[in-house]
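I am opening a notebook on a structure I have not looked at before. I will write down each thing as I look it up.

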Amino acid sequence: MVKQTLVLLYGGRSAERDVSVLSAQSVMRAVNYDKFQVKTYFISHKGEFIKTQEFTNQPDENERLMTNQTINLEQKVKPSDIYEDNAVVFPVLHGPMGEDGSIQGFLEILGMPYVGTNVHASSVAMDKITTKQVLESAGVPQVAYTVYIEGDDLEKAIAESMASLTFPIFVKPANMGSSVGISKAEDEGELREAIAEALKFDSRILIEQGLIAREIEVGILGNTDVKTTEPGEVVKDVAFYDYKAKYIDNKITMAIPAAIPVEVMDQMRAYAALAFKTLGGSGLSRCDFFYTESGDIFLNELNTMPGFTQWSMYPLLWENMGLAYSDLIEELVSLAQDMHHKRERHLQ
């Protein structure tokens, strides 16, 4: 039996590159090596492509992928050198230059199948402001918000935010994920500081009403036939589920399935599928919801390349549905091939 080549792209230029390494290492260990061989390429924080390990069998448990701390520039290659006939790319890349459509466009130019959403859906879903505007039009409920664009009148934006929102207020870069650059403001002074912090990561800033709410997440899998998981809940040991709590201190646990009424589960799953289809998703995504004490549901965001570490919500949600990690990877590869064939047919 000829093994399918799976090309893992990981690392990247965004602030989420360390998460990408953890995700890629989890994927490389979970692959069914009876069916796949894995080739890995590290993208450095400067954008260099580095050829790293190849695996035809299960890696040793002590095997580690290259990082920016262990980079070997002698293995640098041209980006186009990743091309291989009949290979499928798994771009385990989070944040800008990873799940914003840029790498997807590069892979489409190369003519390679890849796991995940296409160029347009990736770029729209990556932008929190655009996502809100699109999903509002489809009837998916959103948390109240205002917007600040760098170069606009800051005083006007602050005045509008304080008039239409109440503290606490969350300030988020429009094009970052994994809680990078997000701050919680309890007064006007902290709001100004939060906007300044978010501007370090993006020029478009989402200013959002803070809620007392549970964080519930739904996994999505499919192309035209979209499947969803039972929701899972993020159970926090900290007041604010920020990047450090999520990935460094690991001060979270997960309840899968979430302890919520069946009708709420069904509504969240329906909203997740609607959001995915409205944005043009394919392959996979994870929808994150807020569920308030009064029973309101708000879609917080749709992640087109959710974390794939061994403790990440997305693979655990599917495991709860009876789809094991290695089988999930195999299904994603199949969906990538199907979507690639469809794109090629559309070009004829």
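**Entry 1: a hairpin and its strands.** I note at the outset that the model is a predicted one. I began with strand β10 and found that it is joined to strand β11 (residues 227–228) by 2 bridges, the two running antiparallel. Within this pair, I220 stands opposite T228 in β11. I then looked at the connection: a hairpin of 4 residues leads from β10 to β11.

I also looked for a pairing with β14. Strand β14 (residues 283–292) is joined to β10 by 10 bridges, again antiparallel. One pair I looked up there is L221, whose bridge partner in β14 is L284. How many of the residues of β10 are buried? I count β10 (residues 213–222) as mostly covered, with 8 of its 10 residues buried.

**Entry 2: the five-stranded sheet.** Next I traced an open sheet of 5 strands, which runs β4-β3-β2-β1-β5 with mixed pairing. At its edges I find β4 and β5, each pairing on one side only. I checked β1 (residues 4–11) against β2 (residues 36–43): they pair in the parallel sense over 8 bridges. V7 has K39 as its bridge partner in β2.

Which helices pack on this sheet? Helix α1 (residues 17–30) does, touching β1, β3 (49–55) and β5, and its direction makes about 155 degrees with that of β1. Helix α10 packs on the sheet as well, where it touches β1, β2 and β5 and makes about 115 degrees with the direction of β5.

**Entry 3: I43.** I picked one residue of this sheet, I43, which lies in strand β2. Is I43 buried or exposed? Its relative accessibility is 6%, so I count I43 as buried, the cut-off being under 20%. Beyond its neighbours within four places in sequence, I43 is in contact with Y10, G11, G12, E48, F49, L93 and I103. I also looked up V19: it is 24 residues from I43 in sequence and 13 Å away in space, C-alpha to C-alpha.

**Entry 4: helix α2.** One of the contacts of I43 is I103, so I turned to helix α2 (residues 102–110), where I103, Q104, G105, L107 and L110 are the buried residues. What do these buried residues pack against? They pack against β1, β2, β3, β5 and α3 (119–126). After α2 comes G111, with a positive phi near 80 degrees.

**Entry 5: the four-stranded sheet.** I then followed a second open sheet, with 4 strands in the order β6-β9-β7-β8 and antiparallel pairing. β6 (145–149) and β8 (183–185) are at the edges with a single partner strand each, so one side of each has no neighbour in the sheet. The twist from one strand to the next averages 25 degrees. Between β7 and β8 I find 3 bridges, with the strands antiparallel. There V171 stands opposite S183 in β8.

Two helices lie across these strands. Helix α5 lies across β6, β7 and β9 (204–209), at about 175 degrees to β6. Helix α6 (residues 188–198) lies across β6, β7, β8 and β9, at about 15 degrees to β7.

**Entry 6: backbone exceptions.** Most peptide bonds are trans, and most residues other than glycine have a negative phi. I looked for departures. The bond joining F167 and P168 is cis, with omega about 5 degrees, and P168 is in the loop between α5 (154–164) and β7 (169–173). The bond from I256 to P257 is also cis, with omega near 0 degrees; P257 lies in the loop between β13 (252–255) and α8 (262–279).

For phi, I noted N86, which is not a glycine but has a positive value of about 70 degrees. N86 sits in the loop between β4 (76–77) and β5 (88–92). With a relative accessible area of 67%, N86 is exposed.

**Entry 7: a pocket.** Last, I looked up the second largest pocket, which holds about 160 Å³ of space. Its lining includes N86 and G111, noted above, along with Y83, M112 and H340 among others. Which helix gives the largest share of the lining? Helix α10 (residues 325–347) does, with 3 residues. By type, I have the lining as 5 nonpolar, 5 polar and 2 charged residues.

Technical notes:
Residues numbered from 1 in each chain as written. Predicted model: local features only at pLDDT ≥ 70, side-chain atom pairs only at ≥ 80, totals over all residues. Heavy atoms only, no water. 1 Å grid on protein atoms, 1.4 Å probe; cavity = no way out; pocket = protein on both sides within 12 Å on 5 of 7 lines; lining within 4 Å. Points joined across faces, edges and corners; volume = space filled by probe spheres on them. Nonpolar A, V, L, I, M, F, W, Y, C, P; charged D, E, K, R; others polar. Buried < 20%, exposed > 50% of the residue type's maximum accessible area, 1.4 Å probe, protein only. Pairing = 2+ DSSP bridges. Contact = heavy atoms within 4.5 Å. Axes fitted to C-alpha atoms, helices over the stretch in contact; angles between N-to-C directions.
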